[in-house]
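User: Hi! I'm new to this one and would like a quick tour. Could you put it up on the screen?
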Amino acid sequence: MKQSKMLIQTLREVPRDADVVSQQLMMRAGMIQKLAAGIYDYLPLALKSIRKFEQIVREELAKDGCQELLMPNVQPAELWQESGRWTFYGKELLRFKDRKDAEFCMGPTHEEVITDIVRKNVRSYKQLPMNLFQIQTKFRDEIRPRFGLMRGREFIMKDAYSFHVDDADADLGYRAMYDAYTRIFSRLGVKFRSVEADSGAIGGSFTHEFHVLAGSGEDGILSCDACAYTSNIEKTEAPRIPAEDHGVSVPLSPCHFSTPGVTAMEEQAKGFKDADHDGLPLHQTSKVYWLEAELATHTDEAGLATRKVAVAAILRGDHELNPIKVKNFLGAAELAPMADGEDFTGAAAGFLGPLPKEGTRHWALHHAANVATGDNPVYLVDRSLEGATNLTCGANVTDRHHFGFDPARDLPGATFLDLRLAQEGDLCPRCGKGHYEAFRGIEVGQVFKLGTKYSKSMGCTYVDEHGKENPMVMGCYGIGITRTVAAAIEQNYDADGIIWPWPIAPYQVHLLDLDPANPQVREVAEALERDLEAAGFEVLHDDREGMSPGAKFKDADLLGFPLRAMVGSKGLKDGVVELRDRRTKEVRKFKREAMVEEVTQARDRILKELEAQGGR
Ligand code: ATP
Ligand code: MG
């Protein structure tokens, strides 16, 4: 392909509104162009990478007998009302009406449509299991579209859905997709991890995410250095840290310490002084997060009815809360910090505590006689405080802290559980030997065991061998195609530009004619383009006239194809052409006749290195 004829406009400057490397480089390399917030044109170079990745996905899914179909992007509201998601999906669902006032949405995902297809077409257990997938444009009206293709509003996704006769078979289907994803991301040639992820509170479901490792990743991942346990920090189990011995247990001493105006935990701990103490270690302090949870009560015609409950999450002063653990434990639809916690407890921020002060709403709820209404606050205590005594806690009186707090004694009925945000260096609770290492990751794919959520609400059933009707058990499996291409760049670049992994490089060889005005050079470059293409390589031939070699080198580095072949007047005089490896910057000079052989060897070496570095 001749570069002079190709739609590539490179930019020297970093575009103003591009805030991550992949977005900057893809824009500068003339791969993508912004049309509106979170909506991009995929120009020819970008589309080549996207198509290559799609091809890898198709080939690997074909090995598991997955069938490709294509569903409409515009979906009728009725299907979403049937599944119950029309009201619950929120503003990410772009809704609109047609000329007859019928409601529709742009598909952010396709569980409803695929379930509708399968319920209309599959009747017997003999037809199952079945796995159907598509590669298609999705629309999610993200609140903050950003980072180019990484978090767009419109993006390309591969979404697959599997249907099974029972749970055990769904587990097999899940495992097969997990393995297919491992093959897909290994072939891509990026460093990745599969991680246990949060599946919300839906019982019986579980999920793994696949992450490309990159410093710019939005997700925190913790991985044990001794066993295979790797998980999204949202979900990582924190080990129970045995309580320190803080001496003989004392009774609660209300408002014991006074630290006027000091709200930072560490400063407060230093100021906790009495006859026996000159400041206290942070692990002898406790803190409380007052939250408000929306719990489902029942479903009626108007949808799901919920009630609000006050929740106190109590942790050691030096530990952080993982709110997802609270949300999942309570099975809450929503969980948020209590908006009016100061009014509720009766103290200024920094002095809120778990024990009620007379005359407050907290007191009234705490002592509410009718426990059955479930209005009383829920007290949750992190398991690292099990057995802890002589702690401090906020007194619910501004400037004051209690001393002698013993969660089990002072909050009878409180639940002890894992509430803490795990962190790097924690002892792994799975194997008890290793410690957590931290990584940043970009979620590029997710496998999810759905269970019967959609098949039950939408009546997607099959008839078993005894003639009995049962709901199908489902799984769903997504890969962000466009996000993955961007993530590969986030992991593979340098100061000069992109360094494409071979399998998804738009072209494999960038052939630079450094002196197109010289007919001899031009002739050799043309011949090399033909020879390399005949040998099966994809070549972009920079035949542009009136450009200095320096400018061509800069563009070639920016575009970042794995190999750069160069022909110039000077080299030809000595009878040589050159080949440069984008990643190692190593240059080899040889006779022009050796080009195809040299490129072949370089490819084999690069692919071998890729294979060695794959994920785990
Ligand atoms: P995220 O947590 O990043 O918002 P998600 O978990 O909501 O993503 P899924 O519903 O699991 O996304 O979608 C499957 C895949 O689609 C994701 O793993 C991701 O690679 C991709 N994806 C999701 N949202 C976007 C987006 N806004 N832009 C680009 N790709 C996306
Ligand atoms: Mg996801």
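User: Thanks! Let's start with charged pairs: which side chain does arginine 85 meet in a salt bridge?
Analyst: Happy to help, and please keep in mind that this is a predicted model. The partner of arginine 85 is glutamate 112, with 2.8 Å from N to O.
User: And where do those two sit in the chain?
Analyst: Arginine 85 belongs to helix H4, residues 85–88, while glutamate 112 belongs to helix H5, residues 111–121. They are 27 residues apart, and the pair links distant parts of the chain.
User: Why would two such side chains pair up at all?
Analyst: Side chains can pair because they carry opposite charge and their charged atoms come close.
User: Makes sense. How many salt bridges does the structure hold?
Analyst: There are 52 salt bridges in the structure.
User: New topic: the ligand. Which residues come nearest to ligand 1?
Analyst: Ligand 1 has 14 residues around it, and the nearest are Glu142, Arg151, Gly152, Glu443 and Gln446.
User: What does the side chain of arginine 151 do there?
Analyst: An N or O atom of that arginine 151 side chain lies 2.8 Å from an oxygen atom of ligand 1. Arginine 483 also has a side-chain N or O atom by the ligand, 3.0 Å from an oxygen atom of ligand 1. At glycine 445 the contact is with the backbone: a polar backbone atom lies 3.5 Å from an oxygen atom of ligand 1.
User: How much of ligand 1 does the protein bury?
Analyst: The protein buries 80% of the 580 Å² that ligand 1 exposes when taken alone.
User: Which elements give two or more residues to the shell around it?
Analyst: Those are strand S8 (154–164) and strand S21 (436–451). S21 gives the most to the shell around ligand 1, namely four residues.
User: What kinds of residues make up that shell?
Analyst: The shell around ligand 1 is a mix of five nonpolar, four polar and five charged residues.
User: Nice. Moving on, how many cavities of 30 Å³ or more does the structure hold?
Analyst: The structure holds one cavity of that size. The largest cavity has a volume of about 30 Å³.
User: Which residues line the largest cavity?
Analyst: Its lining is made of Ala556, Asp557, Phe561, Pro562, Leu563, Arg564, Arg580 and Arg582. Helix H15 (549–559) and strand S29 (563–567) are the elements that give two or more residues to this lining.
User: And how does that lining split by class?
Analyst: The lining of the largest cavity has four nonpolar residues and four charged ones, with no polar residues.

Terms used:
Residues numbered from 1 in each chain as written. Chains lettered and ligands numbered in written order. Predicted model: local features only at pLDDT ≥ 70, side-chain atom pairs only at ≥ 80, totals over all residues. Heavy atoms only, no water. 1 Å grid on protein atoms, 1.4 Å probe; cavity = no way out; pocket = protein on both sides within 12 Å on 5 of 7 lines; lining within 4 Å. Points joined across faces, edges and corners; volume = space filled by probe spheres on them. Nonpolar A, V, L, I, M, F, W, Y, C, P; charged D, E, K, R; others polar. Near = heavy atom within 4 Å. Polar contact = N/O pair within 3.5 Å; in protein donor to acceptor, adjacent residues only side chain to side chain. Areas by Shrake-Rupley, 256 points an atom, 1.4 Å probe, with all protein chains shown as cover. Salt bridge = Lys/Arg side-chain N within 4 Å of Asp/Glu carboxyl O.
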